[in-house]
Amino acid sequence: MLKLTKHALQRMNQRGITKNMIELALDYGKFVKDKVILGRKEIKKIIKKYPTLKSKLLKLFDSKGLVVVFDNNYIITVYKPQKGFIHV
């Protein structure tokens, strides 16, 4: 896994995002420029394909997904998109 910056750790704590959620985003999300985006569509597909991950993914689904912003080997910040809108 990528290394977390102090800023990313602060945002994780403030926003209730776990390392497990970040790992799921990195494993199954879409890489777009400097971001990994795990949206509701992808989460639905993953739940159908891997039912054992359902309980872990439902929290992300309820919060409309997860965005992980990275640079080189560092995660810069993480956030849950507002109203389903993800900046690309």
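Student: Which residue stands opposite Val68 in S5?

Tutor: The model is a predicted one. Strand S4 covers residues 66–71 and is joined to S5 by five bridges, the two strands running antiparallel. Across that pairing, the residue of S5 that stands opposite Val68 is Val78.

Student: What is the order of the strands in the open sheet?

Tutor: S1 (residues 3–4) pairs with S5 (residues 74–79) in the parallel sense over two bridges. S3 and S4 are antiparallel, with four bridges between them, and three bridges join S2 to S3, also antiparallel. The pairing in the five-stranded sheet is thus described as mixed, and the order is S1-S5-S4-S3-S2.

Student: Which strands stand at the edges of this sheet?

Tutor: An edge strand here has a single partner strand, so one side of it is left without a neighbour in the sheet. For S1 the parallel partner is S5, and Lys3 has Tyr74 as its bridge partner there. For S2 the antiparallel partner is S3, where Lys35 is the bridge partner of Val32. The strands at the edges are S1 and S2 (30–32).

Student: Which residue of S4 is the bridge partner of Val36?

Tutor: Val36 belongs to S3, and on the S2 side its bridge partner is Phe31. On the other side, S3 runs antiparallel to S4 over four bridges. The bridge partner of Val36 in S4 is Val68.

Student: Are the residues Lys35, Val36, Ile37 and Leu38 of S3 buried or exposed?

Tutor: From S3, Lys35 and Ile37 point one way, while Val36 and Leu38 point the other way. Burial applies to both sets: all four are buried.

Student: Which residue in the turn between S2 and S3 has a positive phi?

Tutor: Strands S2 and S3 make a hairpin that leaves two residues between them. Most residues other than glycine have a negative phi. The turn residue with a positive phi, of about 55°, is Lys33.

Student: How exposed is Asn72, in relative accessibility?

Tutor: Asn72 lies in the loop between S4 and S5, and these two strands form a hairpin with two residues between them. Its phi is positive, about 55°, although Asn72 is not a glycine. A residue counts as exposed over 50%. Asn72 therefore counts as exposed, at 63%.

Student: What is the phi of Lys64?

Tutor: Lys64 sits in the loop between helix H4 (54–62) and S4. Lys64 counts as partly exposed because its relative accessibility is 30%. Lys64 is not a glycine, yet its phi is positive, at about 70°.

Student: Why do the buried residues of H4 line one face of the helix?

Tutor: The buried residues of H4 are Leu57, Leu60 and Phe61. On the other side of H4, Ser55, Lys59 and Asp62 are exposed. Seen down the axis, the buried residues line one face because they fall within an arc of 100°.

Student: Which elements do the buried residues of H4 pack against?

Tutor: Leu60 is one of the buried residues of H4. Leu60 touches Met21, Leu24, Leu38, Ile43, Gly65 and Leu66, with residues up to four places away in sequence not counted. Taken together, the buried residues of H4 pack against H2 (19–28), S3, H3 (40–49) and S4.

Student: How are H2 and H4 oriented to each other?

Tutor: The axes of the two helices come within 11 Å and cross at roughly 90°. Asn20, Met21 and Leu24 of H2 make the contact with Lys56, Leu57, Lys59 and Leu60 of H4. Angles from 65 to 115 degrees count as roughly perpendicular. H2 and H4 are therefore roughly perpendicular.

Student: At what angle to S5 does H1 run?

Tutor: Helix H1 spans residues 6–15. H1 lies across S1 and S5, and its angle to S5 is about 25°.

Student: Which element gives the most residues to the largest nonpolar core?

Tutor: This core has 23 residues, and those with the most contacts inside it are Ile22, Leu57, Leu60, Leu66, Val68 and Ile75. Two or more residues come from each of H1, H2, S3, H3, H4, S4 and S5. The element that gives the most, with five residues, is H2.

Technical notes:
Residues numbered from 1 in each chain as written. Predicted model: local features only at pLDDT ≥ 70, side-chain atom pairs only at ≥ 80, totals over all residues. Heavy atoms only, no water. Pairing = 2+ DSSP bridges. Buried < 20%, exposed > 50% of the residue type's maximum accessible area, 1.4 Å probe, protein only. Contact = heavy atoms within 4.5 Å. Axes fitted to C-alpha atoms, helices over the stretch in contact; angles between N-to-C directions. Arc of directions from axis to C-beta. Core = buried A, V, L, I, M, F, W, Y, C linked by side-chain atoms within 4.5 Å. Parallel < 35°, antiparallel > 145°, perpendicular 65-115°, else oblique.
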